[in-house]
Amino acid sequence: MVSINDLKRINSYEWEIPQSYRADMRVPVRIFASEELLKGVTRDKSLEQAVNACALPGLVGSVMVMPDMHQGYGFPIGGVAATKYPQGVISPGGIGYDINCGVRLLGSRLSYQETKPYLDELATALNQFCPSGVGKSGHLRLSTKEVEDVCREGSRWAKKKGYASDQDLRRTEEGGRIQGADPRYLSPRALNRGTNQVGSLGAGNHFIEIDLVAEIYDHQAAQVMGLRAGDLALQIHCGSRGLGHQVCSDYVKSLQQVVHRYGIELPDRSLVCAPLDSPEGEAYLSAMVCAANYAFANRQVLSYYAREAFESVLAGKVSDWHLYQIYDVAHNIGKIETHQIGGKSIQVCVHRKGATRAFGPGADDLPSEYKKIGQPVLVPGSMGTSSWVLRGTKEAMKRSLGSCCHGAGRVMSRTQAKKTIWGEDLRKQLERDGINIRAGSMAGLAEEAPAAYKDVDLVVDTVIGAGIAAKVARLKPLVVIKG
Amino acid sequence: MIENKRAGFEELAHTADLEIRVWGKDMVSLFRQAAAGMIHLSDVEGLMEGISSVQQDISLEAMDFEGLLILFLEELLYRLTEDYMVYEILKLSITSDYTLKAKLKGAQIKSYQRDIKAVTYHNLNIRTTADGYEVNIVFDI
């Protein structure tokens with residue numbers, strides 16, 4: 001077990017586990033955490049898992065972990081690792097089972113005061129229009145051929161079908177469609193699982209939330225994004241559903257044999273990988289891109305349903321009920337990007353597992369309106385606590401491969417949460433705090449209780465302190481829809 | 001929870017995912033308990049007996065027992081999440097060259113309360129004990 005004594009303090013917000021800590025490490029671990037948060041993370045296996053990830057061939061820089069880190073499988077959640085492209089490896093376990101799980105933020109011109117009387121109706125409508133819950137399908141039934149189109153085209157497919165605007169696509173990471181998707185690399189099971197889940201939320205920690213823009217910290221950036229204090233906003237958190245899970249399962253399984261063929265030794269089988277320029281590595285990358293595009297389309301269709309829900313309740317009662325896209329960003333993904341590492345410009349495959357891309361001002365992939373301020377970085381808090389809108393900085397490009405935290409991060413196990421917290425009590429407590437909750441399962445609700453998570457404000461203070469993001473706005477939840 | 005000295009499973013604490021420890025007197029009972037453990041975690045509701053009871057044979061092959069265990073659990077998980085079917089394992093045989101044959105009897109369910117995304121390879125290692133075998137399995141949820 002890694003202890004605090006094994007860490008080298010770089011500054012108040014950065015720590016290092018040197019490469020000398022264990023013989024199989026190819027790079028050091030860089031930890032973004034305050035001393036207070038660090039004490040919490042040494043209780044689980046997240047740092048040990050970060051050390052394991054350091055054994056992957058072709059790593060450059062260091063394996064980084066964000067302050068919301070917690071124990072996962074293979075990689076820790078909150079991990080960021082870059083491998084040299086194309087000689088280095090790609091590891092499905094460094095991306096996760098829910099490929100392109102991510103967050104979308106929509107803004108509005110609805111003031112809290114004028115919308116307050118309709119919040120309960122909005123909660124009901126969102127719950128009706130946006131399919132959610134364990135194993136629940138969406139409204140659409142696609143043929144496997146159409147699923148292939150979704151995988152190739154992502155949000156562009158959604159636009160063709162009338163579910164998206166130009167602005168929606170422009171304000172999505174990669175325009176909602178990553179190049180290089182080839183559905184031939186998907187198994188029949190993966191395609192089959194994709195036929196009925198476009199436009200469905202799923203369960204677990206996924207949610208749709210109506211928020212109040214509670215506080216603005218950067219007026220210029222907030223103005224560019226269209227965020228005004230006192231207005232409502234909407235967040236959608238979900239991913240690629242069963243199709244993505246199947247892609248990850250399929251490739252973690254098939255790569256078990258491949259690692260031996262390439263002579264790669266790993267401390268944990270869930271870290272299996274393949275060289276990016278090998279047939280197996282290319283196949284996984286392409287299948288992963290298919291799932292990522294599916295997830296972009298999924299969040300896009302859910303946004304369409306959310307807009308319909310708002311229209312059904314508010315049309316004729318307020319003057320403008322439109323929800324407009326602020327940004328959509330992935331936090332479980334592998335991306336081919338160019339970064340300055342060790343004074344050189346290198347093409348790398350950045351694995352982000354529970355970490356959000358946070359590109360600084362001027363970055364290529366940003367729409368013109370965000371080029372000046374940097375990419376919006378969406379950091380949802382735990383249920384019932386604040387969420388944050390941050391922006392990427394130049395410093396993030398230098399220090400964290402343009403990456404940042406993705407949420408609060410769990411501290412309490414689900415078994416413990418269920419033992420100590422009753423779903424019904426929690427719902428009453430949240431309602432007393434003025435939060436309207438619609439949940440599929442009370443036990444599921446207890447597992448996602450705020451007490452099971454770190455304090456998101458401390459996590460955000462750390463990334464701000466480290467300089468890898470800047471505060472734009474704080475959001476306060478009003479309505480939460482959970483599967 | 002099915003539990004006794006010779007064969008059983010128990011849920012362990014894991015920060016974000018789910019972990020079970022499974023034990024059995026031989027490979028067959030270990031695999032049976034692992035399947036029972038996974039279905040227990042899925043929190044299946046409303047077994048619709050007699051409505052759609054089907055028998056099916058499955059045959060799986062892997063490179064080692066751990067790989068075989070994952071294949072077996074994934075097979076049952078896929079059928080649960082996609083077809084809303086749970087299975088009674090009528091017959092199960094596992095050979096030393098890592099092949100598995102099973103005769104299953106399936107029944108339709110109304111719903112399940114927890115979405116297991118995947119059975120992971122995380123630290124998956126079937127260990128020999130004084131009473132047989134044991135293994136820890138982490139499920140991503």
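What follows is a short back-and-forth about a predicted model and the terms used for it.

In this predicted model, local features need pLDDT of at least 70 and side-chain atom pairs count only at pLDDT 80 or more, while totals for chains, interfaces and linings use all residues. Residues are numbered from 1 along each chain as its sequence is written, and chains are lettered from A and ligands numbered from 1 in the order in which they are written.

Me: What makes chain A as compact as a globular protein of its length?

Reply: Start with the content: 17 helices and 19 strands, which are DSSP runs numbered from the N terminus (H or I over at least four residues for a helix, E over at least two for a strand). The radius of gyration is taken over C-alpha atoms, and the globule rule is 2.2 Å times the number of residues to the power 0.38. For 483 residues that rule gives 23 Å, and chain A comes out close to it at 21 Å, so it counts as compact in that sense. Along the principal axes, its C-alpha atoms fill a box of roughly 65 × 50 × 50 Å.

Me: Why is Leu401(A) called buried, and Asn123(B) partly exposed?

Reply: Count C-beta atoms, placed from the backbone: 20 or more others within 10 Å of a residue's own means buried, 12 or fewer means exposed, and in between is partly exposed. Leu401(A) has 28, so it's buried. Asn123(B) has 19, so it's partly exposed. Each has a positive phi of about 50 degrees without being a glycine. Leu401(A) sits in the loop between helix H13 (394-399) and strand E17 (403-404) of chain A, and Asn123(B) in the loop between strands E7 (118-119) and E8 (127-129) of chain B.

Me: Why is strand E8 of chain A described as largely enclosed?

Reply: Because 7 of its 10 residues (207-216) are buried. For the chain as a whole, 63% of the 483 residues count as buried.

Me: How do you know which strands E8(A) pairs with?

Reply: Pairing takes at least two DSSP bridges between two strands. E8(A) has 6 bridges to strand E9 (231-238) of chain A, antiparallel, and 9 to strand E19 (469-482) of chain A, also antiparallel. Ile208(A) stands opposite Ile236(A) on the E9(A) side, and Glu215(A) opposite Arg474(A) on the E19(A) side.

Me: What makes the meeting of H1(B) and H2(B) a contact, and which residues make it?

Reply: Two residues are in contact if their C-beta atoms, placed from the backbone, lie within 7 Å. The axes of H1(B) (27-42) and H2(B) (65-83) come within 10 Å and cross at roughly 35 degrees. Among the residues in contact are Phe31(B) and Met38(B) of H1(B), and Leu69(B) and Phe72(B) of H2(B).

Me: What kinds of residue make up that contact of H1(B) with H2(B)?

Reply: Ala, Val, Leu, Ile, Met, Phe, Trp, Tyr, Cys and Pro count as nonpolar, Asp, Glu, Lys and Arg as charged, and the others, Gly among them, as polar. By that split the contact has 12 nonpolar, 1 polar and no charged.

Me: What makes the peptide bond from Tyr85(A) to Pro86(A) stand out?

Reply: The bond is cis, with omega near 0 degrees. Pro86(A) is in the loop between strands E5 (75-84) and E6 (89-90) of chain A.

Conventions. Axes are lines fitted to C-alpha atoms, for helices over the stretch in contact, and angles run from 0 to 180 degrees between N-to-C directions.
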